[in-house]
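Reader: I have a structure open and some labels I would like explained. Can we go through them one by one?

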Amino acid sequence: MGVSEKRDFTVVNHRVEKVDALALACGTAQFTDDIDVRGLLTGRLLYSPHAHARIKSIDTREAKKVPGVLAVLTHEDLPRVRHTTAGQGHPEPSPYDTLVLSEKARYVGDRIAAVAAETPEAAEEALARIKVDYEVLPAVFDTLEAIKEGAPVIHDEADSKNIPDARHNICAKFDFEVKESEWFAEADVVVDRWYKTQWAQHCALEPHVTITYFDGDGRLVIRTSTQVPFHCRRITAKVLQVPVKSIRVIKPRIGGGFGSKQEVLLEPVCAALSLATRRPVKIEFTRKETFVSSRTRHPFVVRLKTGAKKDGTITDAHMEVYCDNGAYGAHSLTVMMCSGSHTLPMYQAKNTRFVGRSVYTNLPVGGAYRGFGATQGFFAWESQMDIMAAELGLDPIEFRRKNYIRSGEGSPVFKAMGEGREGIEQKIGSCGMDECISRGLAAIKWYAKKRRYRRQTGPKRRGLGCACMMQGSGIPEVDMAAASIKMNEDGSFNLHMGATDLGTGSDTVLAQIAAEVLGVTTGDIITLSSDTDLTPFDVGAYASSTTFISGNAVKKAALHAREQILKVAARILDEKPQDVDLKDGKARAKSGRSCALSEVAHTAFYYHDQHQIMGVASHYAQSSPPPFAAHFAEVEVDTETGQVTVLDYVATVDCGTAINPALAEGQNDGAVLNGLSYALTEEMLFGPSGAMLNPNFRTYKIFTTADAPPFKTILIPTYEPDGPFGAKSVSEIGINGPQPAIANAVCDAVGVRLLAPPFTPEKVLKAIKEKRAGRPALHLLGG
């Protein structure tokens, strides 16, 4: 077995320390704002107070008179280039419906003007002096109301592109059906339910921040907290109408992204201010700006109508989704499609239909967020699975086991539904779902607790719930990554990759892959990532792609370098290259002879056939192997107050080979805690004018470690043939389980079915009271 297929790992699948751990712990890691730039100006943005209004006129004369103000920009000062802020592969599937500064306000918080000044105080005074004359227009805030005939048209401009039905506020749509028999003709039980998920914010520790300046050659440098440096360069160049070659994007350390920094938001406007002033400029969002004017999780309205036979065979799956995209169409097609493409293949049905619509409303803009549509889709699906099992009189665990997709099986959904376009035919390679379920049941003591809770009395009732999920690993035939690796005289290596480490540890994981191939430790790998001048191209950190896509590119580049090392080492040792291996920083022959990698490097540099040992490679995937997960929740519900307390939570996940088990567990732990918070407390609230009411951490409650219930991640090892050393993704799937698992556990405890998170005490208590009053024990909107 060659190094490419090896499974007896020396670096991979080990709990190696993060390459940046010490720097982060000591505070020496460099984030975007950890730089002193001489002459740095403060950038500030003016936002619309109206949810829907046309700008009749805008007067900036008084603002420009403020001492220290060097630039005041409006839509009149910038090229009118419609674009999408979604940092996705070109051409982006989202509507091109956005301007850097708007000529029409479409939500409270839409950007109207930008200012650059010597001090924050001068910038704020300038904003206060800008006079805007608005023509206030009717607004629409409800997803389903927005698509009705006669609703206010949010995008009535003539120059936007890729909007399928602007008159009905539909910014994306997709329909798909495969049918083997008449709908529901074979079903003994039919369940028809509506579900609704809420607005939520990413809440990354570091807000969006961008610094723009000019280097010694007059090129524009954008130092920014982005997940997508190369998309950022391309989109900024396009909207400001400057050559790509005149822009360099640098991504330093990032304090979290979770999808929000896949948007190209601050970079174009900050760059425009630098171009106007010829000075460095910094724009940093406040927490309120981050809530309102960055991006959110799309709220969904989902209808599931499903049928099954008495034996538990699912016959029919009709999924109808309405995705609220807010004022602009970023990620509108892809998020909506992923709600179906990641969920519908999970359980095999003869008849499958997906009807998807993404909808404009006059509320903040939806964007990429960990889970990317699958989170909303799995809440509906895994709730529906429990409802169907109850209707059939079946164990919900066995019902899932009977129907989930298995290794070697495919689904017509894979071909029909890609991300923004037709997908590709795929069959499942590795699938550890059965072990995920078995290990999770044992860890939470499912059946013993089920028996015990049948006899419970009193106001506090306990229940158990489960949820099963799959996700993806990059976007096949769309995502591409590249890497280069060069050898140094001491036998160390410089690994350059466009992949973006968001704090996820990808620099470490990719260094482990390279080290495994080259027979060294991660201490011998010097990583540099995400600099558009110095590193090869990469689409960026999204779609659970880094380990699978970028990891394969790094592995190929390392193999390319390895081949060159073996040739030089074979000459030194007077052996054949195929008889030489790399291990422990040495080239070792089967005969027992060996030489240090430093000797190999010196030989290549100074003695024979002088050359640089260097590997370069790209990877373009033709599959997206899904990770699988099973989640189990134990809750206690106080029937007198409605309070839901999670007593225990177990998340099992099959991510193939965990390149770094500690980091894989940390990724899943973070996703689960994120999902628990989303299930129980998080919700963006809006007043009648469309203004957000809780844009701060005092009134928008997120879980901290102090709120975390006991929970455990269990990694289930499998080997994915298409992944680097058997790996597939892990970062997103964990967020998809808490909402449905907790909803199922609450229903098990008190018999009420919650159809709209978050599961606050008010909602739960109302549902309990409705049940006691004899009304249906279903709770959708919480009103």
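Reader: What covers the buried residues of α8?

Author: A word first: this is a predicted model. The cover of α8 includes the strands β7 (170–178), β15 (300–308), β16 (314–326) and β17 (351–360). It also includes the helices α9 (374–392) and α11 (412–416).

Reader: What makes α8 "mostly covered"?

Author: The count. Helix α8 runs over residues 332–341, and 10 of its 10 residues are buried. Among them are S332, L333, T334, M336, C338 and S341.

Reader: Which residues touch the most other members of the largest nonpolar core?

Author: M433, F632 and I742, in a core of 100 residues. Helix α9 gives this core its largest share, 10 residues. There is also a second, separate core of 52 residues, which includes A483, A515, A561 and A569.

Reader: What does M433 touch beyond four places away in sequence?

Author: M346, Y404, C468, M469, F628, A629 and A630. Each has heavy atoms within 4.5 Å of M433.

Reader: Why group nonpolar side chains into cores at all?

Author: In soluble globular proteins, such side chains tend to be buried together.

Reader: How do you know whether the radius of gyration agrees with a compact globule?

Author: Set the value against the rule. For 783 residues, a compact globule would have a radius of gyration near 28 Å. The protein has 27 Å, so the two agree. Along the principal axes, the C-alpha trace spans about 90 × 70 × 50 Å.

Reader: How many helices and strands does the protein have?

Author: The protein has 19 helices and 30 strands. Contacts between distant positions are plentiful by count: of those with a separation of 6 or more, 79% join residues 24 or more positions apart.

Reader: What share of the residues counts as buried?

Author: Of the 783 residues, 63% do. The protein exposes about 28400 Å², and carbon and sulfur atoms supply 50% of that area.

Reader: How many charged side chains are there, and how far apart are the centres of the two sets?

Author: There are 91 positive and 93 negative side chains. The two centres lie 3 Å apart.

Reader: Why is N494 called buried?

Author: Its relative accessibility is 16%. Buried means under 20%, so N494 counts as buried. N494 lies in strand β20, residues 493–497. Leaving aside neighbours within four places, N494 is in contact with S484, I485, K486, N488 and I526.

Reader: How far is N494 from D33?

Author: Their C-alpha atoms are separated by 26 Å. Along the chain they are 461 residues apart.

Reader: And R461: why is that one called partly exposed?

Author: R461 has 27% relative accessibility. Partly exposed lies between the 20% and 50% cut-offs, so R461 gets that label. R461 sits in strand β18. Beyond four places in sequence, R461 is in contact with Q456, V635, E636, V637, T639, A749 and V750.

Reader: What separates R461 from G312?

Author: In sequence, 149 residues. In space, 29 Å from C-alpha to C-alpha.

Reader: What makes the backbone at R278 worth a flag?

Author: R278 has a positive phi of about 60° although it is not a glycine. R278 lies in the loop between α6 (266–277) and β13 (281–284). Its relative accessible area is 51%. Exposed means over 50%, so R278 is exposed.

Reader: What about phi at E477?

Author: E477 is not a glycine either, and its phi is positive, about 60°. E477 is found in the loop between β18 (460–470) and β19 (480–487). With a relative accessible area of 29%, E477 falls between the cut-offs, so it is partly exposed.

Reader: Which omega goes with the cis peptide bond from H90 to P91?

Author: Omega is near -5°. P91 is in the loop between β3 (69–73) and β4 (104–105).

Reader: Where is P758, and what is omega for the bond from P757 to P758?

Author: P758 is in the loop between β29 (753–754) and α19 (761–772). The bond from P757 to P758 is cis, with omega near 0°.

Methods. Residues are numbered from 1 along each chain as its sequence is written. This is a predicted model: local features need pLDDT of at least 70, side-chain atom pairs count only at pLDDT 80 or more; totals for chains, interfaces and linings use all residues. Side-chain values use heavy atoms; hydrogens and water are left out. Buried means under 20% relative accessible area, exposed over 50%, partly exposed in between (1.4 Å probe, protein chains only). Helices (H or I, at least four residues) and strands (E, at least two) are DSSP runs, numbered from the N terminus. A nonpolar core is a set of buried Ala, Val, Leu, Ile, Met, Phe, Trp, Tyr and Cys residues joined through side-chain atoms within 4.5 Å. The radius of gyration is taken over C-alpha atoms; the globule rule is 2.2 Å times the number of residues to the power 0.38. Accessible areas come from the Shrake-Rupley method with a 1.4 Å probe; for residues, only the protein chains shown count as cover. Lys and Arg count as positive and Asp and Glu as negative; His and the chain ends are not counted. The place of a charge is taken as NZ of Lys, CZ of Arg, CG of Asp or CD of Glu.
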